[in-house]
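Me: I'm still learning to read protein structures, and I'd like a close look at one part of this one. Here it is.

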Amino acid sequence: MEKGIIDILEKLPLVQNRIHELRETILANLVMIGEIPAPTFQEAARVEFLVNRFTESGLQNCSTDEVGNALGILPGRGGNRDILLVAHLDSEYDGKVDHSISVQQNSVSGPAVGDNALGAAALASLPFILEQLDIGLDSNLVLMGSSRSLGRGDIEGLRFFLGNSEVPITHGICVEGVMLGRISYSSIGLMRCEISYKVPEEYDWTRFGAVGAIVTLNEVMNRILEIPLPRRPRTSIVLGSIRGGAGYDTIATEASLRFEIRSESAELVASLSQRIGDIAAEVSANSGAEVAFNIFAQRKPGGIQFAHPLAVHALEIMKSLDIKPRISPSTSELSAFIDRGIPAVAIGLTNADDLGKLTERIAIEPIYTGIAQLIGLILAIDKGYCDEPE
Amino acid sequence: MNLNEWLRNNTFHHSTFWDLKALVEEKERQKTTISLCIPTLNEEKTIGKEIVIFRSELMTRYHLLDEIAVIDSGSKDRTREVAESFGADVYLADKILPGLEPKRGKGENLWKAIYQLSGDIIVYIDADIKNIHPRFVYGLVAPLIYHPDVKYVKAFYDRPLAFSGGVRPSGGGRVTEILTRPLFSLFFPELTAIIQPLSGEYAVRREVLAQIPFPIGYGVETAHLIDVYGRWGLGAFAQTDLDQRVHRNQSTRDLGKMSFGIMQTVISRLKTMGIMTDSFEVATVLRQFQVHDRDFEEVEHQIVEEERPPMIEIPEYREKFDLSK
């Protein structure tokens, strides 16, 4: 291991302790960000908060772009690397949900507090933490709270930035609130789809087999589950949610199914999507219900190799902080970096319970380790240890 | 004083004071110190968040607060532990001025804060606010920093979700509109300009706090307004719109108890001022009713609005703040 990287690793326990001392700053940002509702496509208030934080911290180019990302640059001392740290700002909860966050001695709870208010809070706090730790970088650090990430947003915020920014991003880090130990440096192929059935107004309910939209959809689900999937390349179809009907005693006139096709092979994702589309159309023809098949999000498989210096050093940093790594392919922001050939990793900051529920709860103590890990990674990239070999 | 003029000059919106850097500079120029007091009783769910936000934003980031203190009435939950773990100074009310006979009530904690805390300005914030934000403190403190004549700043919460312009009613909660404002209209018409007289958030100069008596129960806020008004006039007050406050809703029965305490406080002031004869003795039992099976049952609540004297009369206070001369 290079001496420089050993120096960084040796610093991290101290960094961890100092972050503990700055706990209130991180938690205050977490509460203030988490209590601003930010459903996908309506992140503006959260974006405004983050940009204000960046401005207060003395970052440069604090701004929002035309898709509503929050951006700020911590300029380096003139190195030739531009590191983009991105945390998605959107959540699945709209303003009707009570966004109150509760801070307990060892935990913080509230809707989407871990995914991803904590990631955004880490970004909001990072300039202050680096200043307090007296850490200066050679590289430019671009901080970005991304909009339109989840679901139908389809990572539009980050894709837009990478496609239109004049800053030549050399490395990317996706900051996710949970889970500590998570590390992704590759992306699997993915397609998120929705099949909707609608019974037309003029539907003849006396015809044989007239059963309504839910039963029609059920037929499609049964057919999807019959599709044989290969072990290699690893492939799966996740039936994520179904909606339909209006009550107990009325035959449903509308129903929809959301599902995701995942595979290490882009070709398989495409062929499965084609096959499911055919099934949906065939069932529609048999039942007489109108079908709509929509694709909302797609990711190509790819990423850096296990032996890439960025992956290697990220794992070394985790090991030095006693973080048990869980390597898994990502379906999040990482794929936007992968699409552009930018080496990037996604990491998590703390542990959580009730993930995805309104009572989502994250542990406070591991956050210090999670952010120390993030700073270690930034330092390793900054010093050039994560560059691709010539 | 003309009420409309007072409303124009002494009613603020917190956004006026967004520039915390300038506010802190002015505070430091004046060499003023500010203490935050959060009175608590079983508030473990919300206290941590309040301390974290105020410490981070108003001590670390901008040095507006010199002290954050929790004065607890003896919580049975982990309120004190949580507050302490996030760096607040935590005191049990009973242990402050231990030579005095202990009393139970929020007003007791507020009164003892005058002795325990050191700031020239004390800002009181309830512990049960779900949507806590730094504005709850700086919105109340800023009028005192920028306006030397103002001595007492009260919060109100008044931003409607939608408003098309023109006239709309503006007001406080149920007890304010049904009891306090009608009482003020009868006896202290100028005080009706205070939009939420019962709000638990206010910032006050020490010299004022030390000179007024403190009911220890429900009547503390009402008593403050009448006493400060009687001594310094309406011009001593200002009020700040803090937008929305999300908190626990109280039952109508609890509001009945609150109203009973407030009535006692107002009557005691009316007697002191000679508006009501001193020989008239008020009862201290509130009677409410409930139906048990098919029978009506009386439920009695003994509510006595005890008062602490002005802190300046307490020898320990005079000694601590070097007022013996």
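At what angle do the axes of helix α2 of chain A and helix α4 of chain A cross? Please take me through what surrounds α2(A) as well.

Reply: Sure, and keep in mind that this is a predicted model. Let's begin with the pair you asked about. Helix α2 of chain A covers residues 23-34, helix α4 of chain A covers residues 113-132, and their axes cross at roughly 130 degrees, coming within 8 Å. Why those two things, an angle and a distance? Because two packed helices are described by the angle between their axes and the distance between the axes. Angles from 65 to 115 degrees count as roughly perpendicular and those over 145 as roughly antiparallel, so α2(A) and α4(A) are oblique to each other. Their crossing is right-handed.

Now for the residues that touch. On the α2(A) side you'll find A:Thr25, A:Ile26, A:Asn29, A:Leu30, A:Ile33 and A:Gly34. They meet a set in α4(A) that includes A:Val113, A:Ala117, A:Leu118 and A:Phe128. Sort the residues of this contact by class and you get 10 nonpolar, 4 polar and no charged.

Helix α2(A) also has a partner in the other chain. It packs with helix α3 of chain B (residues 44-61) at an angle of about 115 degrees, and the axes are 8 Å apart. That makes α2(A) and α3(B) roughly perpendicular to each other, and their crossing is left-handed. Here A:Glu24, A:Thr25, A:Leu27, A:Ala28 and A:Val31 do the meeting from the α2(A) side. Among the α3(B) residues they meet are B:Lys49, B:Val52, B:Arg55 and B:Glu57. By class, this contact has 5 nonpolar, 3 polar and 4 charged residues. Look for A:Thr25 in your view: it belongs to the contact with α4(A) and to the one with α3(B).

Let's zoom out to the two chains. In total, 12 residues of chain A are in contact with 16 residues of chain B. On the chain A side, α2 and β4 are the elements that give two or more residues. The largest share, 5 residues, comes from α2(A). The chain A side as a whole has 5 nonpolar, 5 polar and 2 charged residues.

Since β4(A) has turned up, here's where it sits. It belongs to an open sheet of 4 strands in chain A, in the order β4-β5-β18-β17, with antiparallel pairing. β4 (102-103) and β17 (352-353) stand at the edges with a single partner strand each, so one side of each has no neighbour in the sheet. At the β17(A) end, 2 bridges pair that strand with β18(A) (residues 361-363) in the antiparallel sense, and A:Ala352 stands opposite A:Ile362.

What about the chain that α3(B) belongs to? Chain B has an open sheet of 8 strands, in the order β1-β9-β6-β7-β5-β2-β3-β4, and its pairing is mixed. Its edge strands are β1 (11-13) and β4 (89-92), each pairing on one side only. Inside that sheet, β2(B) (residues 34-40) and β3(B) (residues 67-72) run parallel and are joined by 6 bridges. One example is B:Thr40, whose bridge partner in β3(B) is B:Asp72. Helix α5 of chain B (residues 106-116) lies across β2, β3, β4 and β5 of chain B, running at about 140 degrees to β3(B).

Key:
Residues are numbered from 1 along each chain as its sequence is written. Chains are lettered from A and ligands numbered from 1 in the order in which they are written. This is a predicted model: local features need pLDDT of at least 70, side-chain atom pairs count only at pLDDT 80 or more; totals for chains, interfaces and linings use all residues. Axes are lines fitted to C-alpha atoms, for helices over the stretch in contact, and angles run from 0 to 180 degrees between N-to-C directions. Angles under 35 degrees count as roughly parallel, over 145 as roughly antiparallel, 65 to 115 as roughly perpendicular and the rest as oblique. A crossing is left-handed if the near helix is turned anticlockwise from the far one by less than a right angle, and right-handed if clockwise. Two residues are in contact if their C-beta atoms, placed from the backbone, lie within 7 Å. Ala, Val, Leu, Ile, Met, Phe, Trp, Tyr, Cys and Pro count as nonpolar, Asp, Glu, Lys and Arg as charged, and the others, Gly among them, as polar. Two strands pair if DSSP finds at least two bridges between them.
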